[in-house]
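Subject: Structure handover

Hello,

Here is the structure I promised to pass on. My notes follow below it.

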Amino acid sequence: MNCPSRSFLISALAVLSLGFSGSVLAGDPVRGKEKSLSCQACHGPDGNSPVPMFPIIAGQHQDYLLHSMRSYKTGERTNPIMVAIVAPLSDQDLEDLAAYYARQKGLYRIDAGIGVETP
Ligand code: HEC
């Protein structure tokens with residue numbers, strides 16, 4: 001049976017898989033570390049800010065970090081400091097930074113389900 005719907009199905013699958021690969025978090029943590037120099041004054045050397053007024057971003061979920069940084073660009077979040085910080089950064093910069101900070105050891109073990117302090 002020469003079924004035209006088969007080739008349609010294959011191309012539909014190809015389009016779908018492209019769509020999915022586009023949504024995979026593609027940050028590079030090594031580049032993220034290089035780009036994090038300007039963040040250290042407030043968020044600490046590895047994202048564990050020593051100052052309560054600056055949030056600890058180490059060990060936070062990668063997609064959450066990316067979402068919050070993008071929110072300063074879109075105007076969803078309006079903190080003037082962070083709006084100015086992310087303004088000159090590209091989306092690739094934000095992805096790299098999110099990848100870097102998500103891999104740092106944070107104050108809390110998010111995977112434990114509750115806030116368990118690590119030594
Ligand atoms: C001058 C100080 C300062 C610098 C420099 C700075 N930040 Fe921030 N950052 C803040 C403050 C203050 C907040 C909290 C803003 C708010 O309430 O929305 C924040 C919030 C954030 C958040 C959201 C955290 C959350 O829990 O939602 C992320 C992510 C973040 N910063 C990443 C960065 C990155 C990446 C850099 C460097 C490119 C950077 N920041 C540089 C002060 C700073």
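This is a predicted model: local features need pLDDT of at least 70, side-chain atom pairs count only at pLDDT 80 or more, and totals for chains, interfaces and linings use all residues. Residues are numbered from 1 along each chain as its sequence is written.

The fold first. The protein has six helices and zero strands. Helices (H or I, at least four residues) and strands (E, at least two) are DSSP runs, numbered from the N terminus. Of the 119 residues, 22% count as buried. Buried means that 20 or more other C-beta atoms, placed from the backbone, lie within 10 Å of the residue's own.

Next, helix α6. It covers residues 91-102. Its 12 residues should span 16 Å at 1.5 Å a residue (1.5 Å times one less than the number of residues). The end C-alpha atoms are 16 Å apart, which agrees. Nine of the 12 residues are buried, so α6 is largely enclosed by the rest of the structure. Among the buried ones are Leu94, Leu97 and Tyr101. Their cover includes α2 (29-35), α4 and α5.

Last, the ligand. The shell around it has 17 residues, where a residue counts if its C-beta atom, placed from the backbone, lies within 6 Å. The closest are Cys39, Cys42, Ser68, Asn79 and Leu97. Helices α3 (40-43), α4 (62-74) and α5 (80-86) each supply at least two residues of the shell.

Best wishes

Methods:
Contact = placed C-beta atoms within 7 Å.
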